[in-house]
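This briefing sets out what can be read from the structure shown below. Please consult the sequence and the coordinates together.

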Amino acid sequence: MANKRILALNDGEFNKVVSESTVPLLVDFWAEWCGPCKMIAPVVEEIASEFEGKIQVAKLNVDENQDVPTGLKVISIPTLILFKAGQEVERSIGYKTKEELSNLIKKYI
């Protein structure tokens, strides 16, 4: 992944990263074949830059990692889930603009 601000997560480390994050964690559940996922990717990168230090942004490929998305009942992608203190606080499904995502995040920082 080109952006150093964005973590690439997998099933094995997901719970540890979520529970140990000291800032809100935005996780983008995506897949290579998903058109809307490709559309929202630059938006997610902008969010990672804009909120650097205030939130952590991560991506989880649902084709390569199926346990976590199944456990979280992620049934369509892109799904973005915001975790705070290890708990899910917001969920966004489908494409969102940068403004929509920013407003969602600002409630928790």
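The points below go from the overall architecture to individual residues.

The model is a predicted one. The protein chain holds 4 helices and 5 strands, which follow one another from the N terminus in the order β-α-β-α-β-α-β-β-α. Its radius of gyration is 12 Å, close to the 13 Å that the globule rule gives for 109 residues, so the chain is as compact as a globular protein of that length.

**Overall dimensions, surface and charge**

- Measured out along its principal axes, the C-alpha trace of the protein chain spans about 30 × 30 × 25 Å.
- Of the 109 residues in the protein chain, 45% are buried.
- The protein chain exposes about 6,000 Å², and carbon and sulfur atoms supply 51% of that area.
- The chain carries 13 positive and 16 negative charges, and the mean positions of the two sets are 5 Å apart.
- When contacts between residues at least 6 apart in sequence are considered, 69% of them join residues at least 24 apart.

**Strands S1 and S3**

- Ala-8 belongs to strand S1, which covers residues 6-9. With a relative accessibility of 48%, Ala-8 counts as partly exposed, because it falls between the 20% limit for buried residues and the 50% limit for exposed ones.
- Ala-8 and Val-57 are separated by 49 residues in sequence, while their C-alpha atoms are 9.0 Å apart in space.
- Leu-60 is located in strand S3, residues 56-61. Its relative accessible area is 0%, and Leu-60 is therefore buried.
- The contacts of Leu-60, leaving aside neighbours within four places in sequence, include Leu-9, Asn-10, Asp-11 and Phe-14. Also in contact with Leu-60 are Val-27, Asp-28, Phe-29 and Trp-30, together with Asn-65, Val-68 and Pro-69.
- From Leu-60 to Ala-31 the C-alpha to C-alpha distance is 8.3 Å, across a sequence separation of 29 residues.
- Asn-61 is likewise part of strand S3, and with a relative accessible area of 7% Asn-61 is buried.
- A polar atom of the Asn-61 side chain lies 3.2 Å from the backbone nitrogen of Glu-64. Beyond residues up to four places away in sequence, Asn-61 touches Trp-30 and Ala-31.

**The loop before S3**

- Ile-55 is placed in the loop between helix H2 (35-50) and S3. The residue is buried, at 7% relative accessible area.
- Apart from neighbours within four places in sequence, Ile-55 is in contact with Val-23, Pro-24, Leu-26, Ile-47, Ile-105 and Ile-109.
- Ile-55 and Val-89 are 34 residues apart in sequence, with 13 Å between their C-alpha atoms.

**Strand S4 and the loop leading to it**

- Thr-79 is in strand S4, which comprises residues 79-84. At 1% relative accessibility, Thr-79 counts as buried, since the value is under the 20% limit.
- The side chain of Thr-79 reaches the backbone oxygen of Ser-76 at 2.4 Å.
- Not counting residues up to four places away in sequence, Thr-79 touches Val-27, Asp-28 and Phe-29, as well as Val-74, Arg-91, Ser-92 and Ile-93.
- Pro-78 lies in the loop between helix H3 (67-71) and S4. The peptide bond from Ile-77 to Pro-78 is cis, with omega near 0 degrees.

**Backbone conformations to note**

- Most residues other than glycine have a negative phi, and most peptide bonds are trans.
- Lys-73 has a phi near 60 degrees, a positive value in a residue other than glycine. Lys-73 is situated in the loop between H3 and S4 and is exposed, with a relative accessible area of 63%.
- Ala-85 has a phi near 55 degrees, again a positive value in a residue other than glycine. Ala-85 is found in the loop between S4 and strand S5 (87-93), where its relative accessible area of 68% makes it exposed.

Note on methods: Residues numbered from 1 in each chain as written. Predicted model: local features only at pLDDT ≥ 70, side-chain atom pairs only at ≥ 80, totals over all residues. Heavy atoms only, no water. Helix = DSSP H or I, 4+ residues; strand = E, 2+ residues; numbered from the N terminus. Rg over C-alpha atoms; globule rule 2.2 N^0.38 Å. Buried < 20%, exposed > 50% of the residue type's maximum accessible area, 1.4 Å probe, protein only. Contact = heavy atoms within 4.5 Å. Areas by Shrake-Rupley, 256 points an atom, 1.4 Å probe, with all protein chains shown as cover. Lys, Arg positive; Asp, Glu negative; His and termini not counted. Charge placed at Lys NZ, Arg CZ, Asp CG, Glu CD. Polar contact = N/O pair within 3.5 Å; in protein donor to acceptor, adjacent residues only side chain to side chain.
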